[in-house]
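Here are a few pocket exercises to work through with the viewer open. Try each one before reading its solution.

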Amino acid sequence: MTQQTRIFSGIQPTNNLTVGNYLGAIKNWVSLQSQGQSNENQVENLFCIVDLHAITVPQDPTLLHKATLETAATYLASGINPKQSSIFIQSHVRAHTELAWLLSCMTPMGWLNRMTQFKDKAGKNREKAGLGLYAYPTLMAADILLYQTTHVPVGDDQKQHVEMTRDLAQSFNHHYNEDTFTIPEPVIQGEAKRIMSLRDGTKKMSKSDPSGFSRIHLTDSPEDIAQKIKKAKTDLAPLPDSIVELEDRPEAKNLITLYAAFQNMTIDSALKNVAGQNFASFKPQLTEVIISALTPIRENIATYMNDQSELMDILNNGSEKASHIAEKTINDVKETMGFVKENN
Ligand code: TRP
């Protein structure tokens with residue numbers, strides 16, 4: 001019997017994507033996608049641009065529109081192949097919002113109160129935070145469960161949301177005594193792929209950090225990249241020859257992680273190339289590595305953005321395929337819950 005594998009993941013279209021999004025998420029999706037091809041099992045990949053998640057904090061409409069298309073262009077430019085994967089915009093498949101409501105009625109507030117991302121994002125302004133930001137994990141659960149997803153590749157920071165998704169699916173199945181939802185597994189990225197801020201090696205590189213020098217965007221020009229690496233925080237010691245010696249040097253570790261990841265090397269083998277060097281000699285090499293990896297991606301993104309007809313065709317196709325799966329699930333769920341079916 002062939003086992004159906006379904007992979008689902010998504011990125012929010014807020015600001016343009018960084019090398020952290022690329023190395024920590026998209027590059028990994030690309031390799032999952034090609035593993036699926038060599039596998040006898042049937043693999044279905046769904047990569048979504050989660051615009052409905054983006055509006056959990058205020059967005060400028062013009063920027064949201066642009067970032068949504070640019071995120072889709074970035075998936076394609078980075079190697080997500082529309083012949084092997086469905087690429088689509090979350091708001092194009094209405095079942096996401098519908099299932100999110102159904103699930104939110106079954107989500108205990110106690111579970112949501114424990115979500116660390118809400119606490120971080122709402123901060124001291126908890127009273128002013130929107131209901132959507134609070135309910136965000138139920139929308140994410142809907143994304144995943146709609147497609148009977150088996151595997152969810154995510155960063156460490158999203159693990160808690162995937163666990164809540166599992167709990168919700170289990171409690172639904174148990175309550176209605178049916179196997180309505182597949183229980184998804186998180187696939188957590190290794191620490192070697194976790195890219196940190198260039199200004200503070202203990203903080204994740206973020207699209208929303210107030211400092212532009214904290215991150216490298218995939219659309220940055222070679223000059224910008226050179227500038228940002230030049231300004232990146234470091235320490236005074238030369239580079240060591242093994243990763244264990246980087247434990248208490250977060251900035252050094254982050255730069256070598258970038259150097260290794262862009263060349264598909266392990267950190268230890270990357271260190272063999274550069275051990276003993278100081279940052280004045282290492283930084284120009286790192287800059288070169290990043291520029292040569294990002295140039296084709298940047299050019300590809302620009303091509304998709306300059307003539308958007310191909311991009312829109314791919315997105316329409318993606319949402320059509322996704323809707324097909326999603327409709328089946330939402331109909332099953334509603335029938336199970338006792339909703340009257342429309343007669344047409
Ligand atoms: N919450 C995720 C993030 O901010 C994005 C996301 C939304 C997602 N829905 C998802 C990731 C479903 C994986 C699966 O990074």
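**Exercise 1.** How do the residues of the shell around the ligand divide into nonpolar, polar and charged?

*Solution.* Keep in mind that this is a predicted model. Start with the head count: 13 residues surround the ligand, and the closest are Gln-12, Tyr-136, Met-140, Asp-143 and Gln-158. Now sort the shell by class: you get seven nonpolar, five polar and one charged.

**Exercise 2.** Find the side chains that place an N or O atom within 3.5 Å of a ligand nitrogen or oxygen.

*Solution.* Take the ligand nitrogens to begin with. One sits 2.6 Å from a side-chain N or O atom of Asp-143, and a nitrogen is also 2.9 Å from such an atom in Gln-158. Then try oxygen: the side chain of Gln-12 has an N or O atom 3.0 Å from a ligand oxygen. As for burial, the protein covers 89% of the 370 Å² that the ligand exposes on its own.

**Exercise 3.** Which element gives the most to the shell around the ligand, and which to the lining of the largest pocket?

*Solution.* First, the ligand's space is the largest pocket. Around the ligand, helix H7 (131-146) leads with four residues. The pocket itself holds about 1500 Å³ and has 47 lining residues. There, helix H1 (19-37) contributes the most, with five residues.

**Exercise 4.** Describe the lining of the second largest pocket by class.

*Solution.* This pocket has a volume of about 400 Å³ and 17 lining residues. H7 supplies the largest share, seven residues. By class, the lining has 11 nonpolar, six polar and no charged residues.

Note on methods
Residues numbered from 1 in each chain as written. Predicted model: local features only at pLDDT ≥ 70, side-chain atom pairs only at ≥ 80, totals over all residues. Heavy atoms only, no water. Near = heavy atom within 4 Å. Polar contact = N/O pair within 3.5 Å; in protein donor to acceptor, adjacent residues only side chain to side chain. Areas by Shrake-Rupley, 256 points an atom, 1.4 Å probe, with all protein chains shown as cover. 1 Å grid on protein atoms, 1.4 Å probe; cavity = no way out; pocket = protein on both sides within 12 Å on 5 of 7 lines; lining within 4 Å. Sits in = over half its atoms within 2 Å of the grid points. Helix = DSSP H or I, 4+ residues; strand = E, 2+ residues; numbered from the N terminus. Nonpolar A, V, L, I, M, F, W, Y, C, P; charged D, E, K, R; others polar. Points joined across faces, edges and corners; volume = space filled by probe spheres on them.
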